[in-house]
Amino acid sequence: MKPIAIHYLSYGWTQRWIQYCEMKAIPFKKVNCYRSDIISQLRECSALLWHWNYENYRDKQFANKLIFSAEQMGLKVLPNYACSWHFDDKVAQKYLLESIREPHVNTWVFYDKSSAFEWIGKADFPLIFKLTTGAGSQNVRLIKSMAQAKEVITVSFGHGFSSKNYTNIIKDRYKKTLKYQDFQSLKNLFKSVFRAVKPASDFKFINRERGYVYFQEYLAGNDFDTRLVVIGKRCFGFRRFNRENDFRASGSSSFSCDPEKISIAAVQIAFSVAKKMDARTLALDFLFDDRHSPLIVEISYAFPVKSASDNCPGYWDSELCWHPGKQNLQHLMIDDLLGELP
């Protein structure tokens, strides 16, 4: 058996992948995907695993190019291109979900100021404004009036927005520090304040978000969202509760893994989307409309290595049968990948 290539990182899913390969005596080798000779290195391998990061400008610029090229060589890749090309790109996700006809929250994107101004003259408020990039709800705003909508449209087609909203990041981390009162929360807070004053050296390479404006329908009455993670033919689920006095759930660090509270209709949709996309790993966030029907808000190939998924007491299979028992999701990814190799 040819070895599995793993792009080496000291964080993220990588350490669990390596741990599992060592534990199961699975042949693997560490590679650097940024080496100019990476293609020739991959010719010796059967698969490539790379937990690429949306916050790394190099990853975001390059990862999908290599993933697609590796698949053309016949390698199995995690994430595969089908579930990676739209990662951290909410605009791309809008068109993808519309094309595969899966239930999702109504979303509107405009590429010129006049069309956006014309549309908001007939729109119902409030609306959700988002940038195409960013996690943890840092680039999400509730737009309550036409005046606010005109303001974000003007900025979108003017000097634009920074993809790093340090004001929101600092506010969120300050609240978490007060809530948890632990060293890690305090460390994260000081780190975000430092980065706001002195951005990382690669920050200058990140483009400002402009030339488009993205609005999403506001669904009232949702005190939580539902995160479903599909790994192969397994679906894990948990609820994420809204932040205090806020409409946003992502980044709240407040969750419940009670399977009795998870919508089976949402689980069915999650499996359907993953199958249509041919996605090896897929995380989907759901809200509910006024008829209590689940609608997809966003999708992603990745999720934090230490997340509520680790605490899920079991999973549903594609026949919607429940299987009890906690799982290591990164280990399951390798099991599935090995099952695809000749």
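**Entry 1: W85**

I started with W85 and asked: is it buried, partly exposed or exposed? W85 has a relative accessible area of 35%, and partly exposed runs from 20% to 50%, so I wrote it down as partly exposed. I'm working from a predicted model here, so every value in my notes is computed.

Next I looked up where W85 sits along the chain. W85 is in the loop between β4, residues 76-78, and α4, residues 90-99.

Then I checked which residues join W85 in a surface patch. F68 and Y81 do, and the three make a nonpolar patch of about 280 Å².

**Entry 2: the sheet with β4**

Since β4 comes just before that loop, I followed β4 into its sheet. There are 4 strands in this open sheet, running in the order β2-β1-β3-β4, and they pair in parallel. Which strands stand at the edges? They are β2 (28-31) and β4. Each has a single partner strand, so one side of each has no neighbour in the sheet. On average, neighbouring strands here are turned by 20° against each other, ignoring direction.

A reminder to myself from class: strands of a sheet pair through backbone hydrogen bonds, and the pairing can be parallel or antiparallel.

I zoomed in on β3, residues 47-49, next to β4. These two strands pair in the parallel sense over 3 bridges. For L48, the bridge partner in β4 is V77.

**Entry 3: W50**

Another tryptophan caught my eye, W50, in the loop between β3 and α3 (57-72). Is W50 buried or exposed? Its relative accessibility is 1%, and the cut-off for buried is under 20%, so W50 counts as buried.

What does W50 touch, leaving out residues up to four places away in sequence? My list includes H7, W17, C33 and Y34, then D59, F62, A63 and L66, and also L78, P79 and Y301. I looked at L78 again: it is 28 residues from W50 in sequence, yet their C-alpha atoms are 6.4 Å apart.

**Entry 4: the whole chain**

Last, I zoomed out. I counted up the secondary structure of the protein chain: 10 helices and 15 strands. How much of the chain is buried? Buried residues come to 49% of the 342 residues. The chain exposes about 17100 Å², with 52% of that supplied by carbon and sulfur atoms.

I also looked up contacts between residues at least 6 apart in sequence; 66% of them join residues at least 24 apart. The pair W50 and L78, 28 apart in sequence, is one I'd already noted.

Methods:
Residues numbered from 1 in each chain as written. Predicted model: local features only at pLDDT ≥ 70, side-chain atom pairs only at ≥ 80, totals over all residues. Heavy atoms only, no water. Patch = residues over 30% accessible without salt bridge, like charges linked within 9 Å, V, L, I, M, F, W, Y side chains within 5 Å. Areas by Shrake-Rupley, 256 points an atom, 1.4 Å probe, with all protein chains shown as cover. Salt bridge = Lys/Arg side-chain N within 4 Å of Asp/Glu carboxyl O. Buried < 20%, exposed > 50% of the residue type's maximum accessible area, 1.4 Å probe, protein only. Contact = heavy atoms within 4.5 Å. Pairing = 2+ DSSP bridges. Axes fitted to C-alpha atoms, helices over the stretch in contact; angles between N-to-C directions.
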